[in-house]
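The following paragraphs offer a guided reading of how helices pack and how a nonpolar core is assembled. Please keep the sequence and the structure in view while reading.

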Amino acid sequence: MSTTAYPTRPPAASSTRRPADRPIAVEEPSSGSQLLLDSAAVLSYDPATEVDWDAPLDPDHFGLNPEWSTLYGTDLWDEMTHQQRVTLTRHEVASIMSTGIWFEMILQQMVIRDQYCGNYADPDFQFALTEVADECRHSIMFARACAKMEIPAYFPRRSSIELGRGFKALASAEIAYGGILVAEEVLDVMQRDWMRGADVLPIVRTTSRIHVVEESRHMKFARQEMRERIAGAGRLRRHNSALTIAIAANVIVSNMVNESVYAAAGLDPKRAVATAKANEHHHTLMRSSCAHLMEFLDELGLLSRPAMKLYQRVSMI
Ligand SMILES: [Fe+2]
Ligand SMILES: [Fe+2]
């Protein structure tokens, strides 16, 4: 396993002068962000060397675990040939990876904007930039994986692209980090299964493993930032932030699997879209994937009634 070592910030020199009324500190505990920086220094990946990009694709391997297909568990799935299932799951994973690239580009701009002229010595600043560097490698990795599967990029709906343009330009504080956390949490649970799928393409298994490891730090950072930014916020601000994060979650989740994937697998797109929308198996998977996220939003007072309605629309609750 190859790792890329990032230099960590040397410990700050402590002052030799101490006011007499100040108790002797046992040892300053490391900040959350410093711990994340230390972890990134020990365990980060370079997908260019970690993934076997030259290995041929086994024609029998799925793009993602069949249980994660939007059609799994339906009559239509039972009617499909093995080859159609393989093709569909490869297009589904390519669509999710493409949506991942789209959101990672939004995320990078929000984080850079948030840290603009920040305190360069602060571990928060340094971890935020480490996260941007991670996301940059992730997007290239997903782009290469789609190219390897010979599947062109899938894009979100036009209206979502424009909403994303506004979100990346304007979102800040708990709204920006809330949007980031939603995207990362939803993908995390799926990828934990994909990285272990015995009949899943090795290229998907490895890219998922890299993403799961590095994103676990991003999720910790997003939760930490959300807690700090929303501390002391009044009801109105929490209400507005809850609603905006839920709208962002709707846009992200509803764009994950592009409707064109069904035609690519030789299915009747109208029937397939209707079947996927009514697929209770997939809805249950989504709900269980989001349970942890919903608990956290609730803890911060960000699970208002209007927000819950929006989460229900995309089976996140
Ligand atoms: Fe990422
Ligand atoms: Fe991330």
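In this predicted model, a convenient point of entry is V182, which touches I245, A248, A249, I252 and L293 when residues up to four places away in sequence are left out of the count. V182 also belongs to the largest nonpolar core, a set of 81 residues. Within that core, the members that touch the most others are M97, V182, V204, I245, A249 and I252. Three of the residues touched by V182, namely I245, A249 and I252, therefore recur in this list of best-connected members. The element that gives the most to the core is helix 4, with 13 residues.

Helix 4 spans residues 82-115 and packs against helix 6, residues 158-170, at an angle of about 25°, the two axes lying 8 Å apart. Because this angle falls under 35 degrees, helix 4 is roughly parallel to helix 6. The crossing of helix 4 past helix 6 is right-handed. On the side of helix 4, the contact is formed by W102, I106, Q109 and M110, and on the side of helix 6 by G164, F167 and K168. By class, the residues of this contact comprise four nonpolar, two polar and one charged.

Helix 4 also packs against helix 5, residues 123-148, here at an angle of about 155° and with the axes 9 Å apart. Because the angle is over 145 degrees, helix 4 is roughly antiparallel to helix 5. Helix 4 passes helix 5 in a left-handed crossing. The residues of the contact between helix 4 and helix 5 include 16 nonpolar, six polar and four charged.

Methods:
Residues numbered from 1 in each chain as written. Chains lettered and ligands numbered in written order. Predicted model: local features only at pLDDT ≥ 70, side-chain atom pairs only at ≥ 80, totals over all residues. Axes fitted to C-alpha atoms, helices over the stretch in contact; angles between N-to-C directions. Helix = DSSP H or I, 4+ residues; strand = E, 2+ residues; numbered from the N terminus. Parallel < 35°, antiparallel > 145°, perpendicular 65-115°, else oblique. Left-handed = near helix turned anticlockwise from the far one by under 90°. Contact = placed C-beta atoms within 7 Å. Nonpolar A, V, L, I, M, F, W, Y, C, P; charged D, E, K, R; others polar. Core = buried A, V, L, I, M, F, W, Y, C linked by C-beta atoms within 7 Å. Buried ≥ 20, exposed ≤ 12 C-beta atoms within 10 Å, placed from the backbone.
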